[in-house]
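I opened a fresh page for this one and kept notes as I went. Here is the structure I had on screen.

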Protein chains: 2
Amino acid sequence: MDEASFLARLRALPLHPGARDLRDDAATLGRFVVTSDTLVEGVHFLPSDPPGDIAWKLVATNLSDLAAKGARVAAITLNYPLSDDDWDDAFLRGLDAVTRAHAAPLLGGDTVTLPRGAPRILTVTAFGDDAAAPPRSGARAGDALWVTGTIGDAGAGLAAARDGALTDDAGTAYLLARYRRPTPRLAEGRALAPHVHAMMDVSDGLLIDAARMAAASGLAVTVAPDTVPRSAAAHARGISALDAATAGDDYELLFAAPAGWSPPVAATRVGAFASGAGLSLTLGGAPVALPAHLGYQHGA
Amino acid sequence: MDEASFLARLRALPLHPGARDLRDDAATLGRFVVTSDTLVEGVHFLPSDPPGDIAWKLVATNLSDLAAKGARVAAITLNYPLSDDDWDDAFLRGLDAVTRAHAAPLLGGDTVTLPRGAPRILTVTAFGDDAAAPPRSGARAGDALWVTGTIGDAGAGLAAARDGALTDDAGTAYLLARYRRPTPRLAEGRALAPHVHAMMDVSDGLLIDAARMAAASGLAVTVAPDTVPRSAAAHARGISALDAATAGDDYELLFAAPAGWSPPVAATRVGAFASGAGLSLTLGGAPVALPAHLGYQHGA
């Protein structure tokens, strides 16, 4: 069954009012926001990836969903398949680093043993509180579309890792770190959440995620790719604006806000919402064709 | 790494105060209690098991942990590996049944796609509120040890399933249902929790779980196996008291309460706590040897 069919069936079950009809990145339960991500070996990461980086990314991607709700991190739980000592030790060191870096205390979880040779499947559930919790569906016609930080760094880092690029060059090391150990924009999310109409994190690519925000909000969105903010290191590797806007794993915050408003954090205006439907691109004000792929999709 | 070593390492990470040092079946987060169980195909269930029963058991075992905390069910999340249509459909029907039977609304979760041939790994996290939340470590010297319902039914049901026993005999059907679709003792847990010193659910066998409660409480416990309550159906299949007390999957509530107190729910007194350490058995007041296996263990 594909994800859309499965979610449609889940919506026929008794749903919690905080489930937001299973259409958002996080749910609300009392004063908490709750989000959960599962990573699968061979799908979301490779058996050869450093276990410490997998731990970091598993936690950081969940915290990024909390950031998009403007939440303070309250706790995480971990469901973990026990493995060999070396892998587990390296994972634990990455887990220690990411939980300390972002003050994410461990609440509980479960450990299991897998049949021999089974791919690892890891789940983290993250809990935030004190959240303004803007939905992804709240954009209004006339809103500007903004994004924090720079886009495309993780995509360039992934390409560098695939090319086996040397990491003793500072620019490449920066891009690899952006790919392997993303920083959830928790402080930015807290500053933005009370003011924005809609917010989500950019996980699969700026264009596809902008299209999703527009669809959830029942609007059209126009993005000007030449305005997409890129780092000096991404520029130096020749990453085009369209490369950047269609790469995944940025974990920056994408948000819709009234046209005249200026965000209190480092962010770039990259587009605008209007009545209608769909995503379109403009270059110097003139429409341009959409690329064949808007972003990254894991299958489900 | 084995589970004990992994948990010891996790305890060196920043822990949430509600984590109870990762030594209990549920954690507390604000007004919620949180518990999570992961089931692995080939470890906790067989590929040939009915998917609807797997859904039921996955949810029911989590709700049983909430019952042991005296909690009201608030919500569940599901992390699910998408599969073929038939399996997913049967799973969804079991999920529908168990969530409606126990008023457990779905809050969120995640879906993933697995590499071909990978064993399924499913996680449910359950949230309860309004809980008195007695710990498993609170038994006091002199307390009586009680258990709700009857013990050994699920073990007898599992044996019947392995034997390929006919299910058109009412007793066998009852035992199979107790194995495949356990009932979390939510009402009993809520009635008991404000009054008992310690409580946990019996998941791996009465003897091993009684020993764990005693160890967590820093006490010795004595169990009189001939007092272990068995159903007529278990009796009819010749299940001995020791068979019953060392079988798993009961999902009854085991609790410690002051010697003179009578529980407000159907329960049987099966033992007593004293200062000291370890588990011992008595028959007619005289000590008897422990069986070779006290209960069921999944490896980790």
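My entries follow, grouped by topic.

**Before starting.** I reminded myself that this is a predicted model.

**Entry: helix H2 of chain B.** I began with helix H2 of chain B, residues 51–68. Does its length fit an ideal helix? I asked it this way: what should 18 residues span at 1.5 Å a residue, and how far apart are the end C-alpha atoms? The expected span is 26 Å and the end C-alpha atoms of H2(B) are 26 Å apart, so the two agree.Next I counted burial: 18 of the 18 residues of H2(B) are buried, so the helix is largely enclosed by the rest of the structure. Just after the helix comes Gly70(B), where I read a positive phi near 70°.

**Entry: the nonpolar core.** Which residues have the most contacts inside the largest nonpolar core? I found Val59(A), Val59(B), Leu145(B) and Leu254(B), in a core of 187 residues. This fits a general habit: in soluble globular proteins, nonpolar side chains tend to be buried together. I then listed the partners of Val59(B), leaving aside neighbours within four places in sequence. They are Ile76(B), Leu95(B), Val98(B), Thr99(B), Ala104(B) and Val124(B).

**Entry: the sheet in chain B.** I traced an open sheet of 7 strands in chain B, in the order E7-E9-E6-E10-E8-E11-E12, and noted mixed pairing. Its edge strands are E7 (198–202) and E12 (286–288), each of which pairs on one side only. From one strand to the next, the twist averages 35°.

I picked one pair to look at in detail. Strand E8 (residues 220–223) and strand E11 (residues 278–283) of chain B run parallel, paired over 4 bridges. Within that pair I saw Thr222(B) opposite Ser280(B) in E11(B).

Which strands of the sheet does H2(B) touch? H2(B) packs on the sheet against E7 and strand E9 (252–257) of chain B, and its direction makes about 160° with that of E7(B). I also followed helix H7 (residues 206–217) of chain B, which lies across E6 (144–148), E7, E8, E9, E10 (267–274) and E11 of chain B. H7(B) runs at about 155° to E8(B).

**Entry: strand E7 in chain A.** Over in chain A, I checked strand E7 (residues 198–202) and found 5 of its 5 residues buried. E7(A) runs antiparallel to strand E9 (residues 252–257) of chain A, and 5 bridges join them. One facing pair I wrote down is Asp201(A) opposite Leu253(A) in E9(A).

**Entry: domains of chain A.** The domain assignment splits chain A into domain 1 (3–129) and domain 2 (144–288). Their C-alpha centres lie 23 Å apart. I counted 18 residues of domain 1 of chain A in contact with 19 residues of domain 2 of chain A. On the domain 1 side, the elements giving two or more residues are helix H2 (51–68) and strand E3 (72–82) of chain A. H2(A) gives the most there, with 11 residues.

**Entry: where the chains meet.** How many residues of chain A are in contact with chain B? I got 56 residues of chain A, in contact with 56 residues of chain B. Several elements of chain A supply at least two residues each, among them helix H1 (3–10), strand E2 (32–40) and helix H3 (85–101). E4(A) gives the most to this side, with 8 residues.

**Entry: positive phi outside glycine.** Most residues other than glycine have a negative phi, and most peptide bonds are trans. With that in mind I looked for exceptions. Ala103(A) has a positive phi of about 50°, and it sits in the loop between H3 and E4 of chain A. Is Ala103(A) buried or exposed? Ala103(A) is exposed, because 12 other C-beta atoms lie within 10 Å and the cut-off for exposed is 12 or fewer.

Leu22(B) is another exception, with a positive phi of about 60°. I found Leu22(B) in the loop between helix H1 (3–10) and strand E1 (27–29) of chain B. With 18 other C-beta atoms within 10 Å, Leu22(B) is partly exposed.

**Entry: His195 of chain B.** My last stop was His195(B), in the loop between helix H6 (186–192) and E7 of chain B. His195(B) has 16 C-beta neighbours inside 10 Å and so counts as partly exposed. Not counting residues up to four places away in sequence, His195(B) touches Ala257(B) and Trp261(B). I also took one distance: the C-alpha atoms of His195(B) and Leu219(B), 24 residues apart along the chain, are separated by 20 Å.

How values were computed. Residues are numbered from 1 along each chain as its sequence is written. Chains are lettered from A and ligands numbered from 1 in the order in which they are written. This is a predicted model: local features need pLDDT of at least 70, side-chain atom pairs count only at pLDDT 80 or more; totals for chains, interfaces and linings use all residues. The expected span of a helix is 1.5 Å times one less than its number of residues. A residue is buried if 20 or more other C-beta atoms lie within 10 Å of its own, exposed if 12 or fewer, and partly exposed in between; C-beta atoms are placed from the backbone. A nonpolar core is a set of buried Ala, Val, Leu, Ile, Met, Phe, Trp, Tyr and Cys residues joined through C-beta atoms within 7 Å. Two residues are in contact if their C-beta atoms, placed from the backbone, lie within 7 Å. Two strands pair if DSSP finds at least two bridges between them. Axes are lines fitted to C-alpha atoms, for helices over the stretch in contact, and angles run from 0 to 180 degrees between N-to-C directions. Domain bounds come from an automatic or database domain assignment.
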